[in-house]
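Hello,

Here is the structure I promised to hand over. My notes on its cavity, pockets and ligand follow below.

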Amino acid sequence: MYLVGNWKMIGDRAYARRHMSAITLAVRAMPQDDRITVIHCPPAIWLTDLAAITQKSPVVLGAQDCHYEAKGAFTGDLSPYMLREAGCRYVIVGHSERRTMHHEGDTLIGRKARAAIEAGMQPILCVGESAQQRHDGRYLDIITQQLDHILSLIGERNTLLIAYEPMWAIGAGRTPHMEEIDEVCTIIRYHVKNRGILAPSVLYGGSVRGCNSSEILNLSSVDGVLVGLASTQLHEWTEIMKAAIDITYS
Ligand code: PGA
């Protein structure tokens, strides 16, 4: 099971150090096997600092985005190799905030995912529909099109982390019904398996909180959660971890 925290652009350096130290302590107290993987994606500026805290702990670092080239004249961007060197083993690509605010499309996202893999990181690939697309009943077509486009650029793989993140649920305090999450996560798994990714991991993201995490993680189609705001609040994060532990070890 994967528990991924996306801190977005939240927190100063002191907060980041304090929060990561607390998370590391909490994760150290969990059963130490590989059944739950805890990944946190802080703002890139704090990565090197936080790598010193997560070093020798089970908490894994991830980045929130990367460039699709290894190096070059790309002002303000970060190469996947730089992020790997800073300690990241995962990188989120295709987050809806990048899709909407930075106009990222599936070609760019596919190239980023491929670049991340080439640099030795695992991409966490986000897909999901807008409120309008959900309303029009086109959501499954949209999501499978996103997947097909991106997968055609990644090349052959057996495993991939995919996060279903309906845009209308992100940062909205509004989660879909469990049947809605289950439907899409089941289709995603089936769809990518048909395209040769034999062991995908499908996560759900969008307004995951301590109070709804158990219900979401209990869905057999869901292998984990991608958590935004609640990953920056220790009590929420601890409750999500507790739900994961209860489900995994009961
Ligand atoms: P949220 O964000 O949990 O704050 O809704 C989720 C995400 O951005 O991945």
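The lining of the largest cavity divides into three nonpolar, three polar and two charged residues. The model is a predicted one, so please read everything here in that light. The residues that line this cavity are Gly94, Ser96, Arg99, Cys126, Val127, Gly128, Glu165 and Met167. Two elements, α4 (96–101) and β5 (122–127), each supply at least two residues of that lining. The space inside is about 30 Å³. The structure holds one cavity of 30 Å³ or more.

Now the pockets.

The largest pocket has a volume of about 610 Å³. Its lining counts 22 residues. Nearest its centre lie Ala44, Gln64, Asp65, Arg98 and His102. Helix α4 turns up again here: with three residues, α4 gives the most to the lining of the largest pocket. By class, that lining has 10 nonpolar, six polar and six charged residues.

The second largest pocket holds about 150 Å³ of space. It is lined by 16 residues. Those nearest its centre are Lys8, Gly171, Ser207, Gly228 and Leu229. The lining splits into six nonpolar, seven polar and three charged residues.

Which pocket does the ligand sit in? The ligand sits in the second largest pocket.

On to the ligand itself. It is surrounded by 14 residues. The closest are Lys8, His95, Glu165, Gly171 and Ser207. Glu165 also appears in the lining of the largest cavity. Lys8, Gly171 and Ser207 are also among the residues nearest the centre of the second largest pocket. By class, the shell around the ligand has five nonpolar, six polar and three charged residues.

Three polar contacts are worth a look on screen. The side chain of Lys8 places an N or O atom 2.7 Å from an oxygen atom of the ligand. For His95, a side-chain N or O atom is 2.6 Å from a ligand oxygen. Ser207 uses its backbone instead: an N or O atom there lies 2.8 Å from an oxygen atom of the ligand.

How much of the ligand's accessible area does the protein cover? On its own, the ligand has 280 Å² of accessible area, and the protein covers 99% of that.

Over to you.

Best wishes

Note on methods:
Residues numbered from 1 in each chain as written. Predicted model: local features only at pLDDT ≥ 70, side-chain atom pairs only at ≥ 80, totals over all residues. Heavy atoms only, no water. Near = heavy atom within 4 Å. Polar contact = N/O pair within 3.5 Å; in protein donor to acceptor, adjacent residues only side chain to side chain. Areas by Shrake-Rupley, 256 points an atom, 1.4 Å probe, with all protein chains shown as cover. 1 Å grid on protein atoms, 1.4 Å probe; cavity = no way out; pocket = protein on both sides within 12 Å on 5 of 7 lines; lining within 4 Å. Sits in = over half its atoms within 2 Å of the grid points. Nonpolar A, V, L, I, M, F, W, Y, C, P; charged D, E, K, R; others polar. Points joined across faces, edges and corners; volume = space filled by probe spheres on them. Helix = DSSP H or I, 4+ residues; strand = E, 2+ residues; numbered from the N terminus.
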